[in-house]
Structures are given as C-alpha cells and as structure tokens.
Amino acid sequence: MALPLRVATAASVSRITMPKNPTFISLLHSNCTLKFHNSPSLRPRPNALPTRSHLFIRAISEATVEPEISKKQKNDSPKDWKIKMLYDGDCPLCMREVNMLRERNKSYGTIKFVDIGSDDYSPDENQNLDYGTAMGRIHAILSDGTVVTDVEAFRRLYEHVGLGWVYAITKYEPIAKIADSVYGVWAKYRLQVTGRPPIEEILEARKKKGEVCKDSNACKM
C-alpha cells in the first residue's frame, strides 16, 4: 500500500510550485523511478500473457515470412535453369540423391526438378515423356529440348552443380558402356529393391486415380 501513497505524493508535488534547482529535480525523478522498479506489483511478470500490441507485432512479422512450400517451389523451378531433372518422388533411395542435388543447386540455380509422380506432372511440358517412360530410367532435359538418359543424365546434372568430376570418367569408353550397363540393372530392379509394387501395379493404380480425379476435385493424395 506504500506505492500508491508515494505516487500520489509525487503527483501532489507536481501541482505545487517546485524549486527550479536541477539537483532537486534529478533526485526526485531518481527516487520515483527507483520506487517504481522495485515495486513487485509493477515489475514485469515472466509468465504474463502477451499484450494486444505484442500479438499485433507478432502477426505482422509472421505474415512477412515466406511459406516453406513457396521456398521449395522457387528452388525447384529456377528461372534460368539449364537442365531439367525428371525424378521419381516416391523412390526413397532416389530422393537421397535428389535432395543432395537440390542443396547444391541453391548456389547454382541451374537445375529444374520435376516430380513425375506429382498430380501436376504434364508430358506435354516434358518432351512428351509420359509417366511410364519416365519411370523406366532417369531422364533429363536440356534447356534446348535435348533429352539425355542413363549415366549421361547424371553426368550432365552433376556438371551443372560443380560436381562434374564425379562422373567425368564415364565420358570415355569402355567405362561409359559399363556404367550404363550397371545403371540398367539398377533401373530394372529398383522398385523391387526399395520394396515397391511392380510397375504394372503402379501404372494401374495411377490410372484409377486419374479416373477418380475426373469426377472429383479432391484427387490430391
């Protein structure tokens, strides 16, 4: 109860004629400030609920933060891309390499990533490569429309993010032919190795999903 009395006293003093002595005014101000900060009732509480102004400031700051999805879309579709990578987003082993290239691409902006398993995938925008064809092996499309496959596709992709030395040796025979043969075996059995159904079942499921989407707007899975 001492604080209200002191505040009232200070207010009363302000209404009367006070000495214009700078030292007196300074001491009075210091005394009031000290009492204010030492008061438990006026001291800020650690667990106090945020004020309306705090909530408003927080809302404004959060509104200016770019959504994570938008960032991902921007990184996957750079304006000045040099090569487009068609990848199977449902392949867990494939995604390790895709994510590594994505991380490298942040500094280069040369690769455009296209998930062939996406509902938005369009063969018309990707040199007429349909889902079944793209699932058979790795495909990459250069900015001039040239389609490259197999180990050459990996080599071109790695070159555009400063890792060309990794596949450099595959430019030369007989290494190139051996590398393509090894990759061909992986491409043939990758669904089985990663525990996924055969390509025929995947294509059938995708076909049924497409038929459902024709009659429904909720076709995203």
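In which helix is the place of I178? In this predicted model, I178 is located in helix 9, which comprises residues 175–193. The residue is partly exposed, because its relative accessible area of 49% falls in the category between buried and exposed. Together with I169, Y172, I175 and V182, I178 makes a nonpolar surface patch of about 500 Å².

Helix 9 also takes part in a salt bridge. The side chain of R190 meets that of D88 in a salt bridge, with an N to O distance of 3.0 Å. This pair links distant parts of the chain, since D88 lies in the loop between strand 1 (83–87) and helix 5 (92–105), while R190 belongs to helix 9, 102 residues apart. Both D88 and R190 are buried. A network of salt bridges links these two residues with R196. In total, seven salt bridges were counted in the structure.

Two further salt bridges involve helix 7. Within this helix (residues 150–159), R156 and E152 are four residues apart, about one turn of the helix, and their side chains meet in a salt bridge of 3.2 Å, N to O. R156 counts as partly exposed because its relative accessibility is 25%, and E152 is likewise partly exposed, with a relative accessible area of 28%. The other salt bridge joins the side chains of K171 and E159 at 3.6 Å, N to O. Here distant parts of the chain are linked: K171 is in the loop between helix 8 (164–167) and helix 9, whereas E159 is in helix 7, 12 residues apart. E159 has a relative accessibility of 32% and therefore counts as partly exposed.

Aromatic contacts were also identified, and the structure holds three aromatic pairs. F154 and Y167 form a stacked pair, with 6.0 Å centre to centre and 15 degrees between the planes. The pair connects helix 7, which contains F154, to helix 8, which contains Y167, across 13 residues. Both F154 and Y167 are buried. F154 also pairs with Y183; the ring centres are 5.6 Å apart and the planes stand at 70 degrees, so this pair is edge-to-face. In this case F154 in helix 7 is linked to Y183 in helix 9, 29 residues apart. F154 is buried because its relative accessible area is 9%, and Y183, at 12% relative accessibility, counts as buried. Ring pairs link F154, Y158, Y167 and Y183 into a cluster.

Arginine residues were also found over aromatic rings. R102 lies over the face of F113, at 5.6 Å from the ring centre, and R206 lies over the face of Y131, at 4.1 Å from the ring centre.

Definitions and conventions. Residues are numbered from 1 along each chain as its sequence is written. This is a predicted model: local features need pLDDT of at least 70, side-chain atom pairs count only at pLDDT 80 or more; totals for chains, interfaces and linings use all residues. Side-chain values use heavy atoms; hydrogens and water are left out. Patches are made of residues with over 30% relative accessible area and no salt bridge: like charges are joined within 9 Å, nonpolar side chains (Val, Leu, Ile, Met, Phe, Trp, Tyr) within 5 Å. Accessible areas come from the Shrake-Rupley method with a 1.4 Å probe; for residues, only the protein chains shown count as cover. A salt bridge is a side-chain nitrogen of Lys or Arg within 4 Å of a carboxyl oxygen of Asp or Glu. Helices (H or I, at least four residues) and strands (E, at least two) are DSSP runs, numbered from the N terminus. Buried means under 20% relative accessible area, exposed over 50%, partly exposed in between (1.4 Å probe, protein chains only). Rings of Phe, Tyr and Trp (its six-membered ring) pair if their centres lie within 6.5 Å; planes under 30 degrees apart count as stacked, over 60 as edge-to-face and the rest as tilted. A charge sits over a ring if NZ of Lys or CZ of Arg is within 6 Å of the ring centre and within 35 degrees of the ring normal.
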